[in-house]
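Thanks, everyone; I would like to take a few minutes to walk through one model. Please have a look at it first, and then I will go through a few places in turn.

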Amino acid sequence: MERTDLRLMEVPEILRQFEKCTGAFPFEAVAAAVARRDEIIPELLYILEETAEDVSNGEQDWDRMAHVYATYLLGQFRERRALKRLIRLFSFSKNAMDGLWGDGLTEDGGRMLASVCGGELKPIMGLIEDPNAYIYARAAGFTAVVTSVGAGLVPRQAAVDYFASLFRGQLPREPSFVWDELVLHACQIWPGELVDDIRQAYADDLVDVRYVSQDEFEEYLENGLDMQMSKLADVQYHRLVEDTAKEMSYWDCFQEKLETPRTQPVRVQKTGRNESCPCGSGKKYKKCCGK
């Protein structure tokens with residue numbers, strides 16, 4: 001299909017191609033969705049609402065992918081009306097979340113939120129502070145805050161002030177993965193103003209040193225503000241969604257399965273940020289090849 005013909009693909013056909021994974025990425029349908037942006041945005045927003053209702057009613061379709069395409073496209077479109085809908089889709093139980101997002105939650109969840117928030121952090125803060133939310137959804141909230149800073153949507157000082165409020169009473173002072181994520185993300189925007197808070201968190205054994213060691217914290221500190229912020233801009237996990245096709249088309253589920261193993265193309269396997277790096281280094285992916 002030529003670019004000039006993209007609008008010939010009607011919205012119902014685009015949405016039909018988004019329903020399931022057929023083994024090949026629907027490049028033409030995604031390009032047509034971009035070309036028909038104004039027409040398709042209401043349909044994509046409805047998909048998020050419909051998916052949330054289905055999960056709430058115990059009718060989750062584990063093979064459906066429409067909400068994934070919708071989320072990436074709405075992120076690419078910077079559609080702020082998607083934020084509260086996406087927050088709802090990030091607020092289900094672990095079992096439902098694994099079915100909805102798979103590795104996508106830990107890899108791109110924060111970027112998804114940042115891409116549609118337009119600098120509005122309040123709903124994201126609510127997700128971070130929700131003790132009943134899935135832990136990796138709360139982690140995505142932290143990533144969204146830092147990504148928003150890196151993208152210039154939110155002043156760095158606003159994020160520092162928010163993190164300070166978490167350190168100073170907003171979070172229960174009990175060891176948890178939330179504390180690990182708080183320290184990590186405070187470091188990623190440079191922890192200078194929060195040094196005492198972070199050191200006290202280590203002293204109180206609130207942080208898992210296998211996740212963010214005190215030596216790593218000191219390294220972030222030594223980087224200085226300017227260097228750390230420049231490093232932030234180079235991290236893929238902290239970039240807004242720009243191109244849905246590039247974001248999704250390399251996923252393993254879209255690679256053709258050939259009969260002869262010797263002629264199979266190399267497949268890029270999506271690896272969770274907190275899983276072991278596939279290179280065999282023994283480090284977590286985010287601290288190795290995923291940097």
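If we leave aside the neighbours within four places in sequence, W101 is in contact with H67, V68, T71, L86, L89, F90 and M112. I should say at once that this is a predicted model, so please take every value here as computed from it. Two of the residues just mentioned come up again in the largest nonpolar core, which has 95 residues, and in which F90, W101, L113, I124 and F163 touch the most other members.

W101 also takes us to the second largest pocket, where M65, W101, G102, W251 and C253 are the residues nearest the centre, out of 20 that line it. The elements that give two or more residues to this lining are helix 4 (66-76), helix 6 (94-101) and helix 7 (104-117), and helix 6 gives the most, with 4 residues. By class, the lining has 9 nonpolar, 5 polar and 6 charged residues, and the space in this second largest pocket comes to about 380 Å³.

Let me turn to R138, which lies in helix 9, residues 135-150. Is R138 buried or exposed? Its relative accessible area is 10%, and because the cut-off for buried is under 20%, R138 counts as buried. Not counting residues up to four places away in sequence, R138 touches L127, I128, E129, D130, P131, A133, L171 and V178. As for I124, one of the core residues named earlier, it is 14 residues from R138 in sequence, and the two are 8.6 Å apart in space, C-alpha to C-alpha.

How values were computed
Residues are numbered from 1 along each chain as its sequence is written. This is a predicted model: local features need pLDDT of at least 70, side-chain atom pairs count only at pLDDT 80 or more; totals for chains, interfaces and linings use all residues. Side-chain values use heavy atoms; hydrogens and water are left out. Buried means under 20% relative accessible area, exposed over 50%, partly exposed in between (1.4 Å probe, protein chains only). Contact means heavy atoms within 4.5 Å. A nonpolar core is a set of buried Ala, Val, Leu, Ile, Met, Phe, Trp, Tyr and Cys residues joined through side-chain atoms within 4.5 Å. On a 1 Å grid over the protein atoms alone, a cavity is a set of points where a 1.4 Å probe fits but cannot get out, and a pocket is an open set with protein on both sides within 12 Å along at least five of seven lines; lining residues have an atom within 4 Å of a point. Grid points are joined across faces, edges and corners, and a volume is the space filled by probe spheres set on the points. Ala, Val, Leu, Ile, Met, Phe, Trp, Tyr, Cys and Pro count as nonpolar, Asp, Glu, Lys and Arg as charged, and the others, Gly among them, as polar.
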